[in-house]
Amino acid sequence: QVQLVESGGGSVQAGGSLRLSCAAVGYPVSSNCMVWFRQAPGREREGVAIIYESDGGTIYTDSVKGRFTVSRDNAKNTVYLQMNNLKDEDTGMYYCAGVRRYFDCYSGSWNSSAKYYYWGQGTQVTVSL
């Protein structure tokens, strides 16, 4: 049974940092692309970042480039999202997600939530001014 468990969220002032973790059970992060999404109240779920299994390549949504870094630790089977210089617009529930079949990573847009089959329960990030 696949489980993705996020942690590391919290409340922080603007300009601060948080590191989110996504621990995978029954799902090797080294063999699958892993993606972070976020959703603010009243807004659609938004793709934040992806890390590919093949070469560790990454893609970020424009609003977080230069501030967020996605990485993984294969030994711990965990994916991270380091978030620096946080802004109030970064507030939301953050989810990690994975595809059902590894080649699904390469079909369609990386930030389309519909292509991801496995989801964590989310971790809340709140940034205050």
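Counting the bonded cysteines along the chain, the disulfides of this protein follow the pattern 1-3, 2-4. What you have in front of you is a predicted model, and a search of the whole structure turns up two disulfides. Let's take them in turn.

Start with the link formed by cysteine 22 and cysteine 96, where the sulfur atoms sit 2.0 Å apart. That distance qualifies as a disulfide because the pair of sulfur atoms must be within 2.5 Å. To find the two ends, look for strand β3 (residues 18–25), which holds cysteine 22, and strand β9 (residues 92–98), which holds cysteine 96; the pair therefore ties together parts that are 74 residues apart in sequence. If you look along the S-S bond, the angle about it is 65°, and this link is right-handed. Are its two cysteines buried or exposed? Both cysteine 22 and cysteine 96 are buried.

Now move on to the disulfide between cysteine 33 and cysteine 105, with an S to S distance of 2.0 Å. Here the ends are found in loops: cysteine 33 lies in the one between β3 and β4 (34–39), and cysteine 105 in the one between β9 and β10 (118–119), so this pair ties together parts that are 72 residues apart in sequence. The angle about the S-S bond is -95°, which goes with a left-handed link. As for their surroundings, cysteine 33 is buried, and cysteine 105 is buried too.

With both links traced, you can return to the pattern: 1-3, 2-4, with bonded cysteines counted along the chain. Cysteine 22 pairs with cysteine 96, and cysteine 33 pairs with cysteine 105.

Conventions: Residues are numbered from 1 along each chain as its sequence is written. This is a predicted model: local features need pLDDT of at least 70, side-chain atom pairs count only at pLDDT 80 or more; totals for chains, interfaces and linings use all residues. Side-chain values use heavy atoms; hydrogens and water are left out. Helices (H or I, at least four residues) and strands (E, at least two) are DSSP runs, numbered from the N terminus. Buried means under 20% relative accessible area, exposed over 50%, partly exposed in between (1.4 Å probe, protein chains only).
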